[in-house]
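Biologist: Please take a close look at one part of this model, the nonpolar core, and describe how it relates to the contact of the chains.

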Amino acid sequence: MVEVEWYLGLSGVLFMIGVLGVLIRRNVIVILMCIELMLNAVNLTLVTFSQSLGDVSGQILVFFVMAVAAAEAAVGLAIVIAIFRKKTTVDVAEFTLFKY
Amino acid sequence: MAQILFVVLATVAIAAALGMLISRNPVASALWLVLELFCIAGLYLTLNAQFIAVVQVLVYAGAIMVLFVFVIMLLNLTALPRLPHFDWRRLVGFLAGMAILVQLVYVLATGLDALPAQVSSEQSAVTGSAQQIAGELFTRFAMPLEMIGVLLLAATIGAVLLAKRKLT
């Protein structure tokens, strides 16, 4: 069996890639995808601990995280569509509705 | 055997995540993310969490990614124009991401002794089964489950309202 710390390290690396995507990319849809990636990395940690401790609660939390992620993706993409209709771009640098 | 499987899945997962980060076309990014999600589902299987692995493929790789691809197609996107000059914000973002990775690895390294003992793989196969999860989900976590249902309904209505052509 693979040791727990390998899964935790992989999860950390995936989370870091998600953070980099949110900070570096300009396409708002790709930023939403990177948020999904970060949620996935955290889910991996939860499942790892749940399985290594033999406790189901962690996997139920993962189940709820997936449901919230689905809701977040639906609302986030609807907002993107609404903004795109107004500004015809998905570049986050152009979204300056609240500036000043 | 388990080690080889883990290394292969982990490598592909990291490569797919980097591909998503680097590719300029949003459709390519979405497809890389699908590959990454499948790898994570495979990793759940190596952890004996069968139920979560199936839900991962159904919900993430199925529903959420279809939503993303639909929106990308709907908006008829092309790649954003390349930045003409060096962007210092990218450098700051890269450094911040690396700082987070260093912090996570540091916490992991200092906490290695505190990791609890692993249960046997027969035991964890029981923990990850749909029967076990459903038993907890519909008894101890019945109330949160109902609330998740309400949340999804609210999100659906909100998404329809936001994406409607005209708000009246």
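**The nonpolar core and the chain contact**

Modeller: In this predicted model, the largest nonpolar core has 67 residues, and those with the most contacts inside it are A:Ile29, A:Met33 and B:Tyr44. Both chains contribute elements to this core: two or more residues come from each of helix 1 (4–24), helix 2 (28–53) and helix 3 of chain A, and from each of helix 1, helix 2, helix 3 and helix 7 of chain B.

A:Ile29 shows how the chains meet. Leaving aside residues up to four places away in sequence, A:Ile29 touches A:Val80 and A:Val90 in chain A, and B:Pro26, B:Phe68, B:Val71 and B:Ile72 in chain B.

As for the contact between the chains, chain A puts in 58 residues and chain B 72 residues. On the side of chain B that touches chain A, at least two residues are supplied by each of helix 1 (2–22), helix 2 (26–46), helix 3 (50–75), helix 4 (88–110), helix 5 (121–127), helix 6 (130–137) and helix 7 (142–163) of chain B. Helix 3 of chain B gives the most to that side, with 12 residues. By type, the residues on the side of chain B that touches chain A are 54 nonpolar, 15 polar and three charged.

One residue of chain A can be added. A:Leu61 belongs to helix 3 (residues 57–87) of chain A. A:Leu61 counts as partly exposed because 17 other C-beta atoms lie within 10 Å, whereas a buried residue has 20 or more. A:Leu61 and A:Leu23 are 38 residues apart along the chain, and their C-alpha atoms are separated by 27 Å.

Conventions
Residues numbered from 1 in each chain as written. Chains lettered and ligands numbered in written order. Predicted model: local features only at pLDDT ≥ 70, side-chain atom pairs only at ≥ 80, totals over all residues. Contact = placed C-beta atoms within 7 Å. Helix = DSSP H or I, 4+ residues; strand = E, 2+ residues; numbered from the N terminus. Nonpolar A, V, L, I, M, F, W, Y, C, P; charged D, E, K, R; others polar. Buried ≥ 20, exposed ≤ 12 C-beta atoms within 10 Å, placed from the backbone. Core = buried A, V, L, I, M, F, W, Y, C linked by C-beta atoms within 7 Å.
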